[in-house]
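Got the viewer open and the cartoon switched on? Let's take a walk through this one, a stop at a time.

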Amino acid sequence: MANITYHHAKGNVDSLDAEPGMTVMMAAVIHGVDGIIGECGGQAICATCHVYVRDEYLDGLPAISGAEEEMLETTVSPRNPARSRLGCQLTAGDHFNTIEVDIPDEQD
Amino acid sequence: MNAITTPDNVVVVGNGQAGIQLVDSLRKEGYTGAITLIGEETHHPYQRPPLSKDYLAAGKDPVPLPLRPEKFFTTHDVDARLGVRVTSIDRTARTATLDDGTTLAYSTLVLATGAANRELAVPGADLAGIHGLRTLTDAQALHARLDTVRSVVVIGAGFIGLEFAAAARARGLDVTVLEYADRPMGRALTPVMSGFFADAHGRLGVTLRLGEGIASFDGDNGHVTAAVSTTGHRYPTDLVLVGVGVTPRTELAAAAGLDVDNGIVVDGSLRTSDPNIYALGDCASFPNTHAGTRTRLESVQNATDQARHAAAAILASRPGKEPGSGTGVESGSMPGSEPAGGTGAELGGYADLPWFWSNQGPLRLQIAGLVAPGDQTVLRGNPAEEKFSVFCFRNGTLTAVESVNQPADHMAARRLLAAGLPLTPEQAADPDFDLKAYSKQQPATV
């Protein structure tokens, strides 16, 4: 079981256990973490699951694909060159066992 | 200000992508009146697009992706009634009656009833083992069966049929697709893109039979054993997936006397011929500025963007309006004649750019705009590398772009088409032309 911590702009925190294979987006949508919608169902076609990954968890994440790259240019909150990712592309077990992310202001 | 409060109750029929987004948008825009949401299915609202893609992959039972979390109805103060159906609408009394006997009063009624799968009427069509794919229940049944079958036949080479075909091939199954037309996805794609997908599915190991419709099914003990095509070929199979298109769910609207013409007819505000009733998403026929005609679209983009627009239109029509005064003025079509309303910003007609996607095995197809027959087409990129786009022009104007594994082209196309930036066929075809940078510039005029 992996652990995902979501830090909201207002300071509150959601912390969830996630089965391997679950993405940062899916876990948030299923458990009702505010600020993450996943409108396209995890296809990297929208940017409604944009998160900022905390620095200490960036190692081990997959490279940004062409599709994700394009969507990260359309996020509502400004892109952070190092930390911005789409939550649907980050998978528990494959890419992390523990991760902490910040939810962008404008999504929250 | 705006002190008049008549008992507001927005009743939303349908809890798919359109209905749920409408509820979300109403609350986001500050609507504080009552909302009742009615859904036929008992499941908590879920996303349909993954059902024909990731959901069908081999492995343990997949988890459906909710459209919003379980707590949504509580946090958004929505009276959600799931597992019930609206049986009739009384437009004079402004009530909707449900199949559990309840009658609900509405101030505004929203029809987000979606579409139903078209069914085959050929001999044997009612045999077991013949599936459709629309609901979570359908997908659960298919996921369970796919573990036990060796071969499948797909009727119809549309998006759903080909997504399913690719998913079944990924599981190592024998897959045959029958399509009565001469090319796959013919209603939505250019001939060149259809041709690419016909070849690509061949490379995936799918047997695609074009020009062959379904004539009948053979069965044994009530279970399908073979599909027989209109050319007389017989294809033994363990499972059949029917994907021959949909029909809009208009029966409720028609029975209530609303205008219906391949969908519930709405104006630019997504309002039906009754000013207190709106329709949106798969079930609505709307004046489409991108097509230059009335269309009905089946997509997540269309459902969610129309829901956002309808929510704004509903709220813009409320302040100061006498209930029941229904003037018949189309608020989206005559901006100059609108009285200075309480909401300030003028709401134009719905005009969002249509876009679509379909994942078929390793191929990610994205479409911006609407492809029409006879468009001039220009290639950008290399189909042999499975990374390219088809740019469509009509009378020299860019109208649509189809992209395979080229998300940058797709996003550039959406910016170009939404902003109305001109592009020449020569620019589109020139690999040295920086499409992305060009698409990000501001239009010359406001």
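Start by selecting Ala96(B) and Leu104(B): the two are bridge partners, with Leu104(B) sitting in strand S6. Keep in mind along the way that this is a predicted model.

**Stop one: two hairpins in chain B**

Now widen the selection to S5(B) and to S6, residues 103–105 of chain B; these strands pair antiparallel over 3 bridges. There are 4 residues between the strands of this hairpin, and Gly101(B) is the one to click on, with a positive phi near 95 degrees.

Go back along the chain to strand S4, residues 86–90 of chain B. Its antiparallel partner is S5, residues 95–98 of chain B, and 4 bridges join the two. To see the register, pick Val86(B), whose bridge partner in S5(B) is Leu98(B). Then pick Asp90(B), which is matched with Thr95(B) in S5(B). Which residue in the turn between S4(B) and S5(B) has a positive phi? Select Arg94(B): its phi is about 55 degrees, in a hairpin with 4 residues between the strands.

**Stop two: the parallel sheet**

Next, colour S3, S2, S1, S7 and S19 of chain B. In that order they make an open sheet of 5 strands, with parallel pairing. Look at the two ends: S3 (79–82) and S19 (277–279) of chain B each have a single partner strand, so one side of each is left without a neighbour in the sheet. If you turn the sheet to look along it, the neighbouring strands are rotated by 15 degrees against each other on average, direction ignored.

Zoom in on the S19 end. Strand S7, residues 108–111 of chain B, runs parallel to S19(B), and 3 bridges hold the pairing. Label Leu109(B) and you'll find Ile277(B) of S19(B) opposite.

Now add helix H1 of chain B, residues 17–28. This helix lies across S1 (9–13), S2 (34–39) and S7 of chain B, and runs at about 170 degrees to S2(B).

**Stop three: the antiparallel sheet**

Move on to S22, S23, S26, S25 and S24 of chain B, which form another open sheet of 5 strands in that order, this one with antiparallel pairing. The edges here are S22 (355–360) and S24 (376–382) of chain B, each pairing on one side only. From one strand to the next, the twist averages 15 degrees.

For a close-up, select S24(B) together with S25, residues 387–394 of chain B: 7 bridges join these antiparallel strands. Gly381(B) is a good spot to centre on, standing opposite Phe388(B) in S25(B).

Which helices should you switch on here? One is H4 of chain B, residues 159–170, which packs on the sheet by touching S22 and S23 (363–369) of chain B; its direction makes about 30 degrees with that of S22(B). Another is H8 of chain B, residues 407–419. H8 lies across S22, S23, S24, S25 and S26 (397–404) of chain B, running at about 10 degrees to S23(B).

**Stop four: where the chains meet**

Zoom out and give chain A its own colour. Select the contact residues on both sides: 20 residues of chain A are in contact with 25 residues of chain B. Between them the chains bury about 2,000 Å², with 55% of that on carbon and sulfur atoms. On the chain A side, show Glu39(A), Gln43(A) and Ile45(A) as spheres: they lose the most area to chain B, together 32% of what that side buries.

How many salt bridges does the rule find across this interface? The count is 5, while the total over all chains comes to 27. One to display is Lys436(B) with Glu70(A), where the closest N and O atoms are 2.9 Å apart. Lys436(B) lies in helix H10 (residues 435–439) of chain B and Glu70(A) in helix H2 of chain A, so this pair joins two chains.

Next, show Lys440(B) and Glu73(A), whose side chains meet in a salt bridge at 2.5 Å, N to O. For polar contacts between chain A and chain B, the count is 9 residue pairs, both residues at pLDDT 80 or more. Finish by highlighting H1 (24–31) and H2 (66–72) of chain A: each supplies at least two residues of the side that touches chain B. Colour that side of chain A by residue type, and it divides into 10 nonpolar, 6 polar and 4 charged residues.

Note on methods: Residues numbered from 1 in each chain as written. Chains lettered and ligands numbered in written order. Predicted model: local features only at pLDDT ≥ 70, side-chain atom pairs only at ≥ 80, totals over all residues. Heavy atoms only, no water. Pairing = 2+ DSSP bridges. Axes fitted to C-alpha atoms, helices over the stretch in contact; angles between N-to-C directions. Contact = heavy atoms within 4.5 Å. Buried area = accessible area lost by both parts, 1.4 Å probe. Salt bridge = Lys/Arg side-chain N within 4 Å of Asp/Glu carboxyl O. Polar contact = N/O pair within 3.5 Å; in protein donor to acceptor, adjacent residues only side chain to side chain. Nonpolar A, V, L, I, M, F, W, Y, C, P; charged D, E, K, R; others polar.
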